[in-house]
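Hi everyone, thanks for making time for this. I'd like to walk you through a structure that is new to most of us, so please have a look at it first.

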Amino acid sequence: MKDYKPIFSNAARLRQEGNDYIVSSLAKAGLHGVVPSHGDILVNLLKNGSCRMSELAHAVGRSKSTVTTLIEKLEREGLVSRETDSADSRSVLVRLTEKGKGLEAVFEEISAGLQALLSERLTQEEQQMLDALLRKATGQK
């Protein structure tokens, strides 16, 4: 192969390492029903309180049907609840339950651990550059 650059392979390795860390950390915290794909949703709800399903799908970069499936699983785990939006009966609001809000410390610890993995290998400037390049490569702002 001419001029092969393993960018996607390297990105996949980094993602896998992060997911392995997250899964291990969730298991240590006794959260066996939560998986890495729930992370963006839970973090978004921890940050914003409640959110319409459509807004949540946009914020986490997934389809509404995928987010609905993830929310259903989180609802079964008792971490989120859904209700009709009183301002727009066509919309559904998702919010964390008290049990879900209790995950904040676990998620902060996991985030710190992921940050530490990068900080062992990259300077602060390199991390910012990598973040900017990944955002650009994935079409994010």
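Before we start on the strands, one term: two strands count as paired if DSSP finds at least two bridges between them. And please keep in mind that this is a predicted model.

So, with that in hand, look at strand E2, residues 80–85. E2 is joined to E3 by 6 bridges, and the two run antiparallel. One of the places to look is Val80, whose bridge partner in E3 is Leu96. With 2 residues between them, E2 and E3 make a hairpin.

Now for the other pairing. Strand E1, residues 50–52, runs antiparallel to strand E3, residues 88–96, and 3 bridges hold this pair. Here you can find Ser50 opposite Arg95 of E3.

Let's put those together. In what order do the strands of the open sheet come? The order is E1-E3-E2, three strands with antiparallel pairing. E1 and E2 stand at the edges with a single partner strand each, so each of them has one side without a neighbour in the sheet. From one strand to the next, the twist averages 30 degrees. Helix H3 packs on this sheet, where H3 touches E1 and E3, and the direction of H3 makes about 95 degrees with that of E1.

Next, let me zoom in on a residue in strand E3, namely Val94. Is Val94 buried or exposed? Its relative accessible area is 0%, and buried means under 20%, so Val94 is buried. Leaving aside residues up to four places away in sequence, Val94 touches a list of residues that includes Leu45, Ser50, Cys51, Leu56, Ile71 and Val80. Take Leu45: along the chain, Leu45 and Val94 are 49 residues apart, yet their C-alpha atoms are separated by 8.0 Å.

Finally, the helices. A packed pair of helices is described by the angle between the axes and the distance between them. For helix H2, residues 36–48, and helix H3, residues 53–60, the angle is about 120 degrees and the axes are 10 Å apart. That angle is outside the 65 to 115 range for roughly perpendicular and not over 145, and H2 and H3 are therefore oblique to each other. Their crossing is right-handed. Who makes the contact? On the H2 side we have Asp40, Ile41 and Asn44, and on the H3 side Leu56, Ala59 and Val60. By type, the residues in this contact of H2 with H3 are 4 nonpolar, 1 polar and 1 charged.

Conventions:
Residues are numbered from 1 along each chain as its sequence is written. This is a predicted model: local features need pLDDT of at least 70, side-chain atom pairs count only at pLDDT 80 or more; totals for chains, interfaces and linings use all residues. Side-chain values use heavy atoms; hydrogens and water are left out. Helices (H or I, at least four residues) and strands (E, at least two) are DSSP runs, numbered from the N terminus. Buried means under 20% relative accessible area, exposed over 50%, partly exposed in between (1.4 Å probe, protein chains only). Contact means heavy atoms within 4.5 Å. Axes are lines fitted to C-alpha atoms, for helices over the stretch in contact, and angles run from 0 to 180 degrees between N-to-C directions. Angles under 35 degrees count as roughly parallel, over 145 as roughly antiparallel, 65 to 115 as roughly perpendicular and the rest as oblique. A crossing is left-handed if the near helix is turned anticlockwise from the far one by less than a right angle, and right-handed if clockwise. Ala, Val, Leu, Ile, Met, Phe, Trp, Tyr, Cys and Pro count as nonpolar, Asp, Glu, Lys and Arg as charged, and the others, Gly among them, as polar.
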